[in-house]
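Colleague: Please take a close look at the salt bridges of this model and at the parts of the chain that they connect. A step-by-step account, with each term explained as it appears, would be welcome.

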Amino acid sequence: MPVTEQTLECDLLVAGGGIAGVCCALAAARLGTRVILCQDRSVLGGNASSEVRMHIVGATGLSGGKELQNELREGGIIEELRLDLAVQNPQRSPALMDLLLYDKCRREPNMTLYLNTTVVSAVAEDGLIREVRAERPSTEDAFVIRAKTFVDCTGDGRLGIEAGAPFMRGRESKAQFGESLAQNEADSKTLGSSIMFQARKHGREMPFTAPPWARRFSAKDFKLRPYGQSGFDLGLEYGYWWIEWGGCLDTLKDNERIRDELLAITLGVWDFVKNHSDIDASHWALEWIGFVPGKRESRRFIGQHILTENDLITSRAFPDAIAYGGWPIDTHPPEGVDAPELPPCTQHHLPYIYDIPLRCCVSTGPRNLMFAGRNISATHIAFASTRVMATCAVIGQGVGTAAALALKQNVLPFDIAADSSLMYAIQQQLLKDDCHLIGLRNDDACDLVRQAAQINASSIKLGAEPENVRSGFTRIVTNVPTDRRQEGVQRWMSEEVPAWLEIRWDEPVCIREVVLIFDSGQHRLLTLSQADGYTQKMLWGQPQSETVRDYVLSLETTHGWQDVLKVAHNYQRRRSHLLEQTEHATALRIQVTATNGLDHARIVEVRAYA
């Protein structure tokens with residue numbers, strides 16, 4: 001049967017269904033944009049999917065922060081996903097990560113999802129991408145997709161390359177961008193790829209014989225690479241990120257060779273640990289091994305701004321900030337395990353979290369091309385921090401939001417950053433969706449709570465006054481430069497539960513929507529991980545104890561107080577409620593009847609809209 005070709009139209013095409021692509025597509029679709037999301041695999045999630053199984057990390061680093069002192073965990077859609085997984089996937093099943101992402105996309109009426117579908121070519125004319133061709137071999141279908149804006153979230157940059165977008169690759173020299181951590185001389189080497197494995201302990205001895213093509217290792221190969229010793233988070237139950245190789249090759253063209261060698265390395269590592277090390281692994285057996293290399297680096301596009309080491313270290317303020325990062329500048333030897341004398345990584349910890357500007361996500365080539373994920377415009381050194389998946393997620397949401405609002409105003413991506421009013425609207429929308437932007441506050445003129453005459457509460461903890469719910473800030477972040485820091489706990493806290501918070505206006509206001517932001521313990525690590533030691537640092541398999549569980553929304557109208565909504569068993573941080581009918585009210589009350597464990601109520605922000 002010949003290949004069947006179909007023509008599709010949408011507002012926004014997102015190519016690539018990793019974490020960045022999913023967050024980008026969801027953000028745009030939730031703002032009313034018609035989105036097509038093409039993913040070349042059968043599952044979503046990229047390196048976080050069941051095919052690779054790397055846990056999502058970001059600005060919290062490896063240890064997190066301190067309660068009511070530093071809240072670095074990313075908000076918005078990635079927080080929604082993490083909280084869902086913590087409650088709905090207590091068994092830590094990798095396949096349920098795939099299912100959650102699929103479910104989120106299926107629920108969006110403005111999104112059409114095409115799995116197993118790869119963008120293979122693009123038509124660009126007069127500086128604009130007009131259409132792309134995508135192919136789905138499993139059904140012998142091809143799709144010509146026409147859109148107004150295109151976003152490359154493929155990691156490897158397949159869409160952008162087909163459209164002729166300029167890119168860079170390899171490691172720059174110190175002199176090129178004035179980076180102290182860069183190489184003395186530029187080269188074409190990159191970070192390598194990894195294959196993960198999982199093992200399980202059984203009630204009897206489980207023998208293992210390595211195939212003849214597996215690598216052979218000895219203890220001297222792992223002097224700098226932990227492999228299950230007491231005290232390390234990475235035990236026998238979860239594979240090792242340091243099983244890395246291929247950075248001296250072309251991580252695109254040589255990917256098949258890299259996979260084969262990584263399989264040989266991984267089985268060789270397991271053979272050593274099980275049969276030749278001083279660890280008693282006699283009852284352990286391999287449960288799963290990946291066949292899709294977790295790729296760290298390939299192409300990086302050249303955008304309107306190239307993020308550099310200095311931008312990160314100084315936490316440079318950008319007027320077009322759409323996201324933030326904070327993972328260390330985390331470089332690895334390109335040789336991977338072939339360089340046993342070198343540490344598997346060198347982490348240069350940053351003094352501050354930092355802005356990621358929209359201009360790093362807009363091509364200097366086609367004017368309607370954007371990108372999000374590990375292919376954004378950054379030097380190799382800056383990329384070593386921005387590449388982690390939680391940071392990619394918030395970049396994705398920022399790009400999706402920017403694309404959606406620009407489409408509504410018929411502004412090309414190339415012109416967004418120069419349009420101050422549009423950038424303001426994008427940033428305010430991101431804040432409304434609980435994304436953190438350093439130093440920026442809620443300044444939404446439509447938010448009725450900002451206009452309220454007074455805010456009262458049943459009780460107050462010292463320093464956590466009711467007025468804090470309209471401070472405009474939803475985080476406590478101390479590791480930013482002093483001139484970018486906001487003091488205070490940024491939330492109301494009661495003395496006990498039950499408790500209530502009341503917002504009152506001098507004149508009746510029309511309330512149709514109420515947006516609530518609760519405390520979800522964002523100082524704490526939280527991510528689906530197969531590593532037992534890492535998971536023990538989290539509250540997993542349950543809601544976060546700080547989060548309000550049961551609450552009632554009430555309005556004071558001419559008929560007195562009326563309960564308009566009752567919510568039970570909440571575990572999400574952000575809740576948006578559209579009331580069944582528009583009400584004119586002089587007061588709004590949130591009655592908290594239970595939390596998920598804390599002995600008092602915490603509400604970070606309240607918004608109300610007509």
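Modeller: A salt bridge is counted here when a side-chain nitrogen of Lys or Arg lies within 4 Å of a carboxyl oxygen of Asp or Glu. The model is a predicted one, for which local features need pLDDT of at least 70 and side-chain atom pairs count only at pLDDT 80 or more, while totals for chains, interfaces and linings use all residues. Residues are numbered from 1 along each chain as its sequence is written, and side-chain values rest on heavy atoms, with hydrogens and water left out.

Under this rule, 50 salt bridges are found. One of them joins the side chains of Asp156 and Lys295, with N and O 3.0 Å apart. These two residues belong to distant parts of the chain, separated by 139 residues. Asp156 sits in the loop between strand 8 (149-152) and helix 4 (158-162), whereas Lys295 is in strand 14 (residues 294-295). Helices and strands are DSSP runs numbered from the N terminus (H or I, at least four residues, for a helix; E, at least two, for a strand). Asp156 is buried, with a relative accessible area of 16%, and Lys295 is likewise buried, at 10%. Buried means under 20% relative accessible area, exposed over 50%, and partly exposed in between (1.4 Å probe, protein chains only).

The strand that holds Lys295 also has a place in a sheet. Three strands form an open sheet in the order 12-10-14, and their pairing is antiparallel. Strand 12 (244-245) and strand 14 are the edge strands, each pairing on one side only. Two strands are said to pair if DSSP finds at least two bridges between them. Strand 10 (residues 193-194) is joined to strand 14 by two bridges, and Ser194 faces Gly294 of strand 14.

A second salt bridge connects Asp320 and Arg359, whose side chains meet at 2.8 Å from N to O. Here the partners are 39 residues apart: Asp320 lies in the loop between helix 7 (309-313) and strand 16 (321-325), and Arg359 in the loop between strand 19 (354-357) and strand 20 (369-371). Asp320 is buried, at 2% relative accessibility, but Arg359 is partly exposed, at 22%.

A third salt bridge brings Arg573 and Asp434 together, their closest N and O atoms being 2.6 Å apart. Arg573 is in the loop between strand 25 (560-567) and strand 26 (574-595), and Asp434 is in the loop between helix 11 (420-432) and strand 21 (454-457), so this pair ties together parts that are 139 residues apart in sequence. Arg573 and Asp434 are both buried. Elsewhere, salt bridges with shared partners join Arg30, Glu80, Asp84, Lys104 and Glu108 into one network.

Two helices adjoin these residues. Asp434, just after helix 11, has a positive phi of about 70°. Helix 11 itself has 13 residues and reaches 18 Å between its first and last C-alpha atoms, close to the expected 18 Å; the expected span is 1.5 Å times one less than the number of residues. Its buried residues include Leu422, Met423, Ile426 and Leu430. Among the elements that cover the buried residues are strand 16, strand 23 (499-518) and strand 26. Arg30, from the network, is the last residue of helix 1 (residues 19-30). Eleven of the twelve residues of helix 1 are buried, so this helix is largely enclosed by the rest of the structure. Those buried residues include Ile19, Val22, Leu26 and Ala29. Gly32 follows helix 1 and has a positive phi near 90°.

Strand 8 and strand 20, named above, take part in a further sheet. Five strands form this open sheet in the order 4-3-2-8-20, with parallel pairing. Strand 4 (111-114) and strand 20 are its edges, and each pairs on one side only. On average, neighbouring strands are turned by 20° against each other, direction ignored. Strand 3 (residues 35-38) runs parallel to strand 4 and is joined to it by four bridges; the bridge partner of Ile36 in strand 4 is Thr112. Helix 1 packs on this sheet, touching strand 2 (12-15), strand 3, strand 4 and strand 8, and its direction makes about 170° with that of strand 3. Contact means heavy atoms within 4.5 Å, and angles run from 0 to 180 degrees between N-to-C directions of axes fitted to C-alpha atoms, for helices over the stretch in contact.
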